[in-house]
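Look at the chain as a whole before turning to single residues. The text below moves from the overall fold to the interior and then to the surface.

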Amino acid sequence: MEETMVIIVGAGPAGLATSACLNRLSIPNIVLEREDCYASLWKKRSYDRLKLHLAKQFCHLPYMDSPPNAPTYQQFVPRKGFIYYLDNYVSHFGITPRYLRSVESAIYDLDAEKWQIVVKNMATTDNVIETEVYTSRFLVVASGENSQGTIPDIDGLDSYGGECIHSNQYENGRKFRGKDVLVVGCGNSGMEIAYDLWNSGANTSIVVLNPVHVLTKEMVKMAMIMLQYLPRKAVDKITVAISKLEYGKLSKYGIQRPKKGPFHLKETSGRSPVNDVGTISKIKSEEIKVLPGMKSIRDKDIVFTNGIFATGYKSTVRNWRKGSYESFDEKGMPRKSFPYHWKGRNGIYNVGFSRRGLRGISSDAQNIANDIYSNTTVALGFNN
């Protein structure tokens, strides 16, 4: 059994940011990561052409500005540039995650007033999985909202003979050249993958499952700046009006616009507006075909040889967080709403669940580290 002050579950940007903030305050912490690297979603499960969806001034972690290698003219940092930034971040703040550690359970001991975390260590040299036990005064859940890709239950999918993958397995469209490919889902990943497939020579169709706001990245950047000075409702109205001028009536092409504004939806449901990379022009020219929602693979209108499901992710915290679920709801999301979401009872915290991207992660990590610091300082003061 190993004891430390803080256990952090997850070495994505959220876990790294929290460890960095704790290290600055000299608070001992251990980061446990189930994969064999940090930021595995970015390093191993992201497509090649991915860029950060917000301008670089809005995309950095605490105490280190946007990627230093990004050219001044490059407003939206590409995947490799962000990975380079994270590499520098980990090195600068001396973060040392323990890899191939799968957390099996985390239980709070009321008598000892400590957390007990049971972990499977899959990093042993003889391929024998060992069990490790850690105790800590504080537990930070940093496994995030995007812990596991989800594919909806669709009639006929199990017996379908073609290739079906989640978007986190998609790298690029080269192997799909000349093939019929259906993308299911019209969020940022779905729309961008559809464009990448078309650009690679695939016969591309996309299923639009829900109404969606479509913006250019420049519109999003402008809106982010306006949100610093204007009410969200006003920014939503301005942004939607500009989008209508840019794209016209998208319902003619099978894309409905939500009744609520783009940033209202982002804050209340976590649904981001689509940053158009060129997909809409291909939809308008019918080079990318739009299909309505699908209930069955056997639908007469659904004909494809490969399927890519850009249907989102889910939290997995309730798979291992044992005992009372008062901090997390049935979907593994914090029960408390923003801005009080990051702190639970008995020294449990969560970071990366605010649905506010890297800015939300930065705010959560700093709040958590400062709160732990104040609690440990008070405790030390009483002991003296």
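What follows is a walk through a predicted model, from its overall make-up to selected residues.

Begin with the general picture. The protein has 384 residues, and 49% of them are buried. Its chain forms nine helices and 15 strands. To see how the chain folds back on itself, consider the contacts between residues at least 6 apart in sequence: 66% of these join residues at least 24 apart. The outside of the protein amounts to about 18,900 Å² of exposed area, of which carbon and sulfur atoms supply 49%.

Now turn to the interior. The largest nonpolar core contains 76 residues, and Tyr89 and Leu197 are those with the most contacts inside it. Where does this core lie with respect to domain 1 and domain 2? Domain 1 covers residues 2-147 and 315-380, domain 2 covers 150-312, and both give residues to the core, so the core lies between them. A second core, of 17 residues, lies apart from this one; Ile7, Leu32, Val103 and Ala106 are among its members.

Leu197 shows what such a position involves. Leaving aside residues up to four places away in sequence, Leu197 touches Tyr170, Gly173, Phe176, Val181, Val183, Ala202, Thr204 and Ile308.

Helix 4, residues 188-199, includes Glu192. Is Glu192 buried or exposed? Its relative accessibility is 4%, and buried means under 20%, so Glu192 counts as buried. With residues up to four places away in sequence left out, the contacts of Glu192 are Tyr47, Arg49, Leu50, His53, Val277 and Thr279. One of these partners is far off along the chain: Thr279 is 87 residues from Glu192, yet the C-alpha atoms of the two are separated by 6.9 Å.

Thr18 is another residue of the interior. Thr18 belongs to helix 1, which spans residues 13-24. The relative accessibility of Thr18 is 0%, and Thr18 therefore counts as buried. Again without residues up to four places away in sequence, Thr18 touches Ile8, Val140, Val351, Ala365 and Ile368.

Next, consider the surface. Which residues make the nonpolar surface patch of about 460 Å²? They are Met222, Ile225, Tyr229, Leu230 and Ile238. Leu230 sits in the loop that links helix 5 (217-226) with helix 6 (232-247). Leu230 has a relative accessibility of 38%; since this falls between the 20% limit for buried and the 50% limit for exposed, Leu230 counts as partly exposed.

Finally, look at the backbone in two other loops. Ser26 is placed in the loop between helix 1 and strand 2 (29-32). The phi angle of Ser26 is near 60°, a positive value in a residue other than glycine. With a relative accessibility of 63%, Ser26 counts as exposed, because exposed means over 50%.

Glu286 lies in the loop between helix 8 (279-284) and strand 12 (289-291). Glu286 is not a glycine either, but has a positive phi of about 65°. The relative accessible area of Glu286 is 63%, so this residue is exposed. Unlike Glu286, which is exposed, Glu192 is buried.

Notes: Residues are numbered from 1 along each chain as its sequence is written. This is a predicted model: local features need pLDDT of at least 70, side-chain atom pairs count only at pLDDT 80 or more; totals for chains, interfaces and linings use all residues. Side-chain values use heavy atoms; hydrogens and water are left out. A nonpolar core is a set of buried Ala, Val, Leu, Ile, Met, Phe, Trp, Tyr and Cys residues joined through side-chain atoms within 4.5 Å. Buried means under 20% relative accessible area, exposed over 50%, partly exposed in between (1.4 Å probe, protein chains only). Domain bounds come from an automatic or database domain assignment. Contact means heavy atoms within 4.5 Å. Patches are made of residues with over 30% relative accessible area and no salt bridge: like charges are joined within 9 Å, nonpolar side chains (Val, Leu, Ile, Met, Phe, Trp, Tyr) within 5 Å. Accessible areas come from the Shrake-Rupley method with a 1.4 Å probe; for residues, only the protein chains shown count as cover. A salt bridge is a side-chain nitrogen of Lys or Arg within 4 Å of a carboxyl oxygen of Asp or Glu. Helices (H or I, at least four residues) and strands (E, at least two) are DSSP runs, numbered from the N terminus.
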